[in-house]
Number of protein chains: 2
Amino acid sequence: MMSASSHPRPALTVDVVIFTLKSSRLQVLLIQRARQPFAGDWALPGGFVSMEEPLEEAAMRELLEETGIREAYLEQLYTYGDPDRDPRGRVVSVAYYALIPSDAQVRSQGGSDASQARWFPIDELPKLAFDHNDIIAYGLRRLRYKLEYSAVGFQLLPEDFTLGELQRTYEIILGEKLDKRNFRRRILQAGIIEPTHRFKSGEGRPARLYRYRPDAVAEVKARRLFP
Amino acid sequence: MMSASSHPRPALTVDVVIFTLKSSRLQVLLIQRARQPFAGDWALPGGFVSMEEPLEEAAMRELLEETGIREAYLEQLYTYGDPDRDPRGRVVSVAYYALIPSDAQVRSQGGSDASQARWFPIDELPKLAFDHNDIIAYGLRRLRYKLEYSAVGFQLLPEDFTLGELQRTYEIILGEKLDKRNFRRRILQAGIIEPTHRFKSGEGRPARLYRYRPDAVAEVKARRLFP
DNA sequence: CCAAAAGTGTTTGCTCTACACCCATGG
DNA sequence: CCATGGGTGTAGAGCAAACACTTTTGG
C-alpha cells in the first residue's frame, strides 16, 4: 500500500550493457572500478538515478559519459534487487542494454570519472563486480532472442549498410552460419530496411547499400525470422 | 559510477497485476484507495519495498496481503520510473504479474489495510490511479504473448485440469476460438503437461485430467504454439 | 584474367490448417 | 434414448530449407 511516509529507502541505480561490433566480434564496454567494493575489478557502466531523472534518461546519461554517444538503441532489460548484491547496502539496479553502431566515434577513455574503460569480446569477459556477469548474460540472451523475430541487428551497423554486413552481424551474434539467399529474402520481406541508390565498393563486386525505414514497425509480429 | 554517498533517493515500490479466471473471464484484482492521492480510485495492489526484502518477495507479500495466497506464478514485468507518475514525489515501481488458479481460495476482502478489493474483468477496467492502466495493458500483452510460445496457461487452472478447460483458458485470454484437434496435438507435443489416471465427470463424457510436469522446461524454445 | 564478394530461383520436405464423426456418460 | 462435451486422423496448402551458378569490380 502506498503511504507518504519515508521509511529508509533502497538506493536506485541503472547499469547499462553497451554492445558493439568490433573486429568482427560482439563486444561489451566495461569500466575498471577505482573504489571499493570490487576496486580494480571490471564492471558495467552505471550509476545512481537522480531525483528528477527518468530511468531511461539515466541510462542514456551513463552511455554518454562513458562513450560520448548521444543516441543509440536502448531497451530496459530487468531490475535486479537481491539485498546482497551490493556489499555496501541495499542497492536496486535497473539494467538496460544499448546497441551502438560499429562506426560510432567512441571515446572509451576518460569518462566523467577517471576510471579506465575497455571493450571486451562477449566470450572473453573477466569476472565482474556485483552481479554484472548475470546481467550481461541476460542481455545477450535478449539480444539473440530479439534478432530472431525483429531486425534490431542493423542498430549495430552504420546508417547505410550492405546485406552482407548485416548477415555477418547476425552470424556473429547468433553464432551460426546463415544461408545467404534465405537471409536476404526474409530480411527484405520483413520490410524493415530499404535499398538506397548507393553502392559500397571494396573487395569484389560493389554491394548495394540499404538503410532502416524509419516508418517501419521494427518488430515482425508474425513469426521468427530465423531458425 | 557507484559512490557510497547518499543523495536523496527515489522511493521504491512494487505493483502486482494479479490475474485469475472467474466467470469464464480473465480478471484482475484491484483495490480502492483510501488515501490521497487518487483517493477513491481503483489501483493495483502494491507497496513499498522494505530494506532487506528481495523484490520478488515484496511482490509475493503484496499478493499474500490482498489474497491470502502464498504461492503463485510470478514474473517481473517492467520498471516504471517517470518522475511525474506519482504526484507525491519520485516513486519508482517495479511491476510484476501473477497468475492464480481459478480454484484458489481468495479472501479478496480485508487485506492488511482496510481498503476494499474487487475483481474486474480485463475489458471492464475503470480508470485507475497512477499509470496503472498502462501497467495492466502491458501485463496483458505479455501474458498473451507468453501463451503463444509457452504453456503458462495452466497456472490459471486447478492442479489437475482437462484439456477442454485448458483450451477454454487459452481462448478466453487470446480472445479467439482454437481448433480442438490442433490444440490438443500441440499442447501435448510440447511435453509440458502429462495425463493422469483420473477423470473428471460432469456434463457429457468424462474427461481425462492432466497436470503440469514439474520436471518440464516451461518454455517451448522452438516455435510459437499458436497462430 | 584472376580473386573476391554480390546477387539471384527453384525444388523438396515439412509444418500448419482445415475439417467431421464416433464415444462415454448423466439425466 | 437424447443431450453434452470428449476424443480422434488425414489431405492439401503454404512456408521454410537446401542448394550452385553468374555477375561485377579491383588488382
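Q: In this predicted model, which residue of E10(B) stands opposite Ile193(B)?
A: Tyr212(B) is the partner facing Ile193(B).

Q: What makes E9(B) and E10(B) a strand pair?
A: Two strands count as paired once DSSP finds at least two bridges between them. Strand E9 (residues 193-200) of chain B and E10(B) have five, running in the antiparallel sense, so they meet the requirement of at least two.

Q: What sits between E9(B) and E10(B)?
A: Six residues separate the two strands of this hairpin, and in the turn Gly204(B) takes a positive phi of about 70 degrees.

Q: Which residues are the closest to DNA strand D?
A: Among the 22 residues surrounding DNA strand D, the closest are Arg205(A), Lys180(B), Gly204(B), Arg205(B) and Arg208(B). Gly204(B), from the hairpin turn, is one of them.

Q: Why is the approach of Arg205(A) to a base of DNA strand D called a polar contact?
A: A polar contact is a pair of N or O atoms within 3.5 Å. A polar side-chain atom of Arg205(A) is 3.0 Å from a base oxygen of the strand, so the pair is inside the 3.5 Å limit.

Q: Which atoms of Arg181(B) and Gly204(B) face the bases of DNA strand D?
A: For Arg181(B), an N or O atom in the side chain is 3.5 Å from a base nitrogen. For Gly204(B), a polar backbone atom is 3.5 Å from a base oxygen.

Q: How do you know which parts of DNA strand D face the protein?
A: Look at the atoms of DNA strand D within 4 Å of the protein: 36% belong to sugar or phosphate, and the rest to bases.

Q: Which helices and strands supply at least two residues each of the surface near DNA strand D?
A: Helix H4 (180-189) of chain A does, along with helix H4 (180-189) and strand E10 (207-212) of chain B.

Q: What makes the relation between chains A and B that of a two-fold axis?
A: Chain B lands on chain A after a rotation of 180 degrees with 0.0 Å of shift along the axis, at an RMSD of 0.1 Å. That is just what a two-fold axis relates.

Q: How do you know that the copies meet through the same surface?
A: Check the overlap: 100% of the interface residues of chain B are interface residues in chain A too, so the copies use the same surface.

Q: Why is strand E5 of chain B described as largely enclosed?
A: A residue is buried under 20% relative accessible area. In E5 (residues 73-80) of chain B, seven of the eight residues are buried, so the rest of the structure largely encloses the strand.

Q: What is the pairing partner of E5(B)?
A: E5(B) goes with strand E6 (residues 91-100) of chain B, in the antiparallel sense over seven bridges. Within that pair, Tyr78(B) stands opposite Ala95(B).

Q: Which residues have the most contacts inside the largest nonpolar core?
A: Leu12(A), Tyr96(A), Leu12(B) and Tyr96(B) do, in a core of 41 residues. E6(B) gives this core its largest share, five residues. In soluble globular proteins, nonpolar side chains tend to be buried together.

Q: What does Tyr96(A) touch beyond four places in sequence?
A: Its contacts there include Val14(A), Val16(A), Leu55(A), Ala59(A), Leu74(A) and Leu77(A).

Q: Why is Phe130(A) called buried?
A: The cut-off is under 20% relative accessible area. Phe130(A) comes in at 13%, so it counts as buried. It lies in the loop between strand E7 (117-121) and helix H2 (132-149) of chain A, and it has a positive phi of about 50 degrees although it is not a glycine.

Q: Why is Ser24(B) called exposed?
A: Exposed means over 50%, and Ser24(B) has a relative accessible area of 60%. Ser24(B) also has a positive phi, about 55 degrees, without being a glycine. Its place is the loop between strand E1 (11-22) and E2 of chain B. Most residues other than glycine have a negative phi.

Q: What is the omega of the cis peptide bond between Gln36(A) and Pro37(A)?
A: About -5 degrees. Pro37(A) lies in the loop between strand E2 (25-32) and strand E3 (42-43) of chain A. In chain B, the bond from Gln36(B) to Pro37(B) is cis, with omega near -10 degrees. Most peptide bonds are trans.

Conventions:
Residues are numbered from 1 along each chain as its sequence is written. Chains are lettered from A and ligands numbered from 1 in the order in which they are written. This is a predicted model: local features need pLDDT of at least 70, side-chain atom pairs count only at pLDDT 80 or more; totals for chains, interfaces and linings use all residues. Side-chain values use heavy atoms; hydrogens and water are left out. Copies are superposed by least squares on the C-alpha atoms of residues with pLDDT of at least 70 in both. Contact means heavy atoms within 4.5 Å. Buried means under 20% relative accessible area, exposed over 50%, partly exposed in between (1.4 Å probe, protein chains only). Helices (H or I, at least four residues) and strands (E, at least two) are DSSP runs, numbered from the N terminus. A nonpolar core is a set of buried Ala, Val, Leu, Ile, Met, Phe, Trp, Tyr and Cys residues joined through side-chain atoms within 4.5 Å. A residue is near a molecule or strand if one of its heavy atoms lies within 4 Å of it. A polar contact is a pair of N or O atoms within 3.5 Å; within protein, one must be able to donate a hydrogen and the other to accept it, and residues adjacent in sequence count only if both atoms are side-chain atoms.
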